[in-house]
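Let's take a walk through a protein together, one piece at a time. Have the sequence and the 3D view ready, and turn the view as you read.

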Amino acid sequence: MVTLTYLGHSCFTMDNGKRSIIIDPFLTGNPEAATQADKVKVDAVLASHGHDDHLGDAVAIAKRLKVPVIAPYELACYCQRQGAEAHPMHIGGAYQFPFGWVKLTQALHGSAVVRESIEYTGHPCGFIIQMEGKHVYYAGDTGLFGDMALLGKLHSLDVALLPIGDNFTMGIADAVEATKMLNPAVVVPIHYGTFPVIKQDPQVFAREVSAKTSARCVILRPGEKLQVSTG
Ligand code: NI
Ligand code: MN
């Protein structure tokens, strides 16, 4: 059994009962966060890009637990400079980790750590994660792109985690198109409602998904889990 736990915004943990990972741990400063960074216990941290609402507590969690940040090369180098262990990868590449298999996918977005100055952290990404034979696609922050059809063709996706917040990423209409192309068994809307500018009604997305695709839409509130049964 693989368990996905939604921690708010775009943050998930993925757990097979023995090992677990956290993706884009924006917890500190996230009004919707379902846990705190110092309570997280994982074997790796996946970071899709350098924006604060994704990189978030990644370095702090990785340093405290002495586990790697898995990220695109430039972002991995940034995390190493902050004192964290890192495993650099890049778009199109996959690697078998002890917890499972991870492939980096493209994302149409930006990636930088924006503080007093802007530090470029390479290309943003999404992830396809295989754990216990189950495939989860985490789109990251992205606009719609046609090669999502290729991802759907190459991988039998059990779950797709797709942004619907609009403004910075796909909105509802484009996320429905993405669902058609990816053809996952289950789609979960993410990256909405955290801030006023990305307020969306996930029920509208769910209705559109059920009318126009063969996927089942599951709306998770922060703290809720989705069990992905194996076998
Ligand atoms: Ni972003
Ligand atoms: Mn974001």
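Our starting point is glutamate 177, which is partly exposed, with a relative accessible area of 33%. Keep in mind as you look that this is a predicted model. The side chain of glutamate 177 meets that of lysine 180 in a salt bridge, with 2.9 Å from N to O. Lysine 180 is partly exposed as well, at a relative accessible area of 38%. Why can these two reach each other? They are 3 residues apart in helix 5, so about one helical turn separates them. This fits a general rule: an α-helix has 3.6 residues a turn, so residues three or four places apart point the same way.

Now look at the covered part of that helix. Helix 5 spans residues 172-182, and its buried residues are Ile172, Ala175, Val176, Ala178, Thr179 and Leu182. They lie on the same side of helix 5, because they cover an arc of only 160 degrees around the axis. What do these buried residues pack against? Their partners are strand 12, helix 4, strand 13, strand 14 and helix 6. Just after helix 5 comes asparagine 183, which has a positive phi, near 50 degrees.

Strand 12, one of those partners, is our next stop. This strand runs over residues 134-138, and 5 of its 5 residues are buried. Lys134, Val136 and Tyr138 point one way, while His135 and Tyr137 point the other way. Here too there is a general pattern: in a regular strand the side chains alternate between the two faces of the sheet.

Strand 12 has neighbors that we can trace. Strand 11 (residues 125-131) runs antiparallel to strand 12, and 5 bridges join the two. In one of these pairings, phenylalanine 127 has tyrosine 138 as its bridge partner. Strands 11 and 12 form a hairpin with 2 residues between them, and glutamate 132 in the turn has a positive phi of about 55 degrees. Strand 13 (residues 159-163) runs parallel to strand 12, joined by 3 bridges. There, the bridge partner of tyrosine 138 is leucine 161. Together, strand 12, helix 4 (residues 148-154) and strand 13 make a right-handed β-α-β unit.

A salt bridge belongs to this region too: the side chains of aspartate 158 and lysine 134 meet at 3.5 Å, N to O. This pair links distant parts of the chain, with aspartate 158 in the loop between helix 4 and strand 13 and lysine 134 in strand 12, 24 residues apart. Are these partners buried or exposed? Aspartate 158 is buried, at 16% relative accessible area, and lysine 134 is buried at 14%.

Finally, find the metals. Which residues hold the manganese ion (ligand 2) as protein donors? They are Asp53 (OD), His54 (NE2), Asp141 (OD) and His191 (NE2), lying 2.1 to 2.2 Å from the ion. Aspartate 141 also bridges the manganese ion (ligand 2) to the nickel ion (ligand 1), and the two ions lie 3.3 Å apart. Histidine 54 sits in helix 1 and histidine 191 in the loop between strand 14 and helix 6, so this pair ties together parts that are 137 residues apart in sequence. Both histidines, 54 and 191, are buried.

Conventions: Residues are numbered from 1 along each chain as its sequence is written. Chains are lettered from A and ligands numbered from 1 in the order in which they are written. This is a predicted model: local features need pLDDT of at least 70, side-chain atom pairs count only at pLDDT 80 or more; totals for chains, interfaces and linings use all residues. Side-chain values use heavy atoms; hydrogens and water are left out. Buried means under 20% relative accessible area, exposed over 50%, partly exposed in between (1.4 Å probe, protein chains only). Helices (H or I, at least four residues) and strands (E, at least two) are DSSP runs, numbered from the N terminus. Two strands pair if DSSP finds at least two bridges between them. A crossover is right-handed if, with the strands pointing away from the viewer, the path from the first strand over the helix to the second runs clockwise. Donors are N, O and S atoms within 2.8 Å of the metal (3.2 Å for Na, K and Ca); water is not among the atoms, so sites may look incomplete. The arc is that of the directions from the helix axis to the C-beta atoms. Contact means heavy atoms within 4.5 Å. A salt bridge is a side-chain nitrogen of Lys or Arg within 4 Å of a carboxyl oxygen of Asp or Glu.
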